[in-house]
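Here are a few exercises to work through with the model open beside you. Try each one before reading the solution.

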Amino acid sequence: MADTRPALPPLRDVIARHGLAASKALGQNFLLDEQLLDRIAAIPGPLRDAPAFEVGPGPGGLTRAILRAGAKLVAVERDRRCLPALAELEEAFPGQLRVISGDAMQVDALTETGAGAHIIANLPYNVGTPLLVGWLSAEWSPLPWWQSLTLMFQMEVAERIVAKPGTDHYGRLAVLSQWRSDAKIAMKVHRSAFTPPPKVMSAVVHITPKPAPDGVQLKFLERLTAAAFGQRRKMLRQSLKGLPGALDALEQIGIDPQRRAETVSVEEFVDVARILSR
Ligand code: SAM
């Protein structure tokens with residue numbers, strides 16, 4: 001079948017033509033390999049006519065790949081220098097792309113995309129974790145407004161998201177990411193794939209939501225994990241002593257208070273939080 005996708009100039013030319021020298025302060029590490037970008041855009045599954053949201057399109061590499069996959073995309077970019085390059089993509093993919101000039105931390109993605117959106121981004125490192133925590137903390141009834149998260153993080157953050165109990169990376173972010181979602185590393189990306197290359201390796205994390213366990217309020221799970229991992233080397237007996245009802249809940253469920261937070265499974269945290277939520 002003939003390829004009907006628009007012919008686009010190489011990303012290197014776009015960067016040169018629009019003077020997009022990478023800014024460290026804005027976390028700019030660009031991906032220019034279009035095959036790699038198409039592979040990232042394929043991670044959420046078929047995107048034809050699906051709503052999608054991208055943070056930080058920059059010169060538009062991942063943006064092109066998402067548009068080639070057929071999504072209806074809203075992209076929020078803070079660096080105004082990128083807007084002319086992104087306007088060229090709006091023209092090349094008529095009706096498929098809307099660019100918002102602004103700070104993704106201030107934008108209500110649900111209002112912009114509507115429910116059911118796939119969120120796909122090579123995130124700037126300085127706002128990546130707060131954005132993720134915001135999406136994971138959304139209303140869940142029975143699922144959140146977003147359909148999937150496909151997000152590039154520094155490897156260390158990716159490992160904290162998918163960590164299992166008993167490992168150094170296991171902590172609050174793992175519990176928040178896994179108690180009502182499946183989270184996995186979908187792809188490791190070598191630092192040399194970026195321009196300029198960052199100091200560390202990166203990984204794309206893919207998160208899909210599940211119905212939330214019954215009777216558990218997020219705020220109690222948050223308080224519980226904050227207390228437990230706030231003193232992660234201490235026994236639960238010590239770290240949870242200031243949290244009303246927590247030690248009784250451990251006893252009811254049969255969790256040994258001599259254990260440390262890093263040995264407690266996500267399901268066990270959920271069971272304790274359910275009792276605290278009553
Ligand atoms: N998507 C491009 C790519 O993959 O080559 C660029 C990714 S680069 C790691 C991060 C992008 O996020 C940059 O374009 C940067 O200007 C943008 N950015 C940084 N902080 C932002 C914020 N608070 N809101 C929206 N965009 C932001």
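**Exercise 1.** Find which residue stands opposite Ser-101 in β4.

*Solution.* Start at Ser-101: the residue facing it is Glu-77. Next, place Glu-77 in its element, strand β3; strands here are DSSP E runs of at least two residues and helices are H or I runs of at least four, numbered from the N terminus. Then look at the pairing: β3 and β4 (residues 97-101) run parallel, with five bridges between them, where pairing takes at least two DSSP bridges. Finally, add helix α4 (residues 83-92), and β3, α4 and β4 give a right-handed β-α-β unit. Right-handed means that, with the strands pointing away from you, the path from the first strand over the helix to the second goes clockwise.

This is a predicted model, in which local features need pLDDT of at least 70 and side-chain atom pairs count only at pLDDT 80 or more, while totals for chains, interfaces and linings use all residues. Residues are numbered from 1 along each chain as its sequence is written.

**Exercise 2.** Decide whether Glu-77 is buried or exposed, and do likewise for Gly-56.

*Solution.* First, the cut-offs: 20 or more other C-beta atoms within 10 Å is buried, 12 or fewer is exposed, and in between is partly exposed, with C-beta atoms placed from the backbone. Glu-77 has 25 such neighbours, so it is buried. Gly-56 has 24, so it's buried too. Now locate Gly-56: it sits in the loop between β2 (51-55) and α3. Last, check contacts (C-beta atoms, placed from the backbone, within 7 Å). Beyond four places in sequence, Gly-56 touches Glu-77 and Ala-104, among others.

**Exercise 3.** Work out how many residues surround the ligand, and which are closest.

*Solution.* Count residues whose backbone-placed C-beta lies within 6 Å of the molecule. You should get 23, with Gly-56, Gly-58, Ala-104, Asn-122 and Pro-124 closest. Then sort by element: β1 (30-31), α3 (61-68) and β3 (72-77) each give at least two. To finish, compare with the record: the unreviewed UniProt entry's "binding site" annotation includes Gly-56, Glu-77 and Asn-122. Such positions follow the numbering used here, feature names are shortened, and annotations may be inferred rather than shown by experiment.

**Exercise 4.** Find which residues Gln-154 contacts beyond four places in sequence.

*Solution.* Begin in strand β6 (residues 146-154), which holds Gln-154. Its contacts are Tyr-125, Val-200 and Ser-202. Now take Tyr-125: it's 29 residues from Gln-154 in sequence, yet 7.2 Å away, C-alpha to C-alpha.

Note on methods
Contact = placed C-beta atoms within 7 Å.
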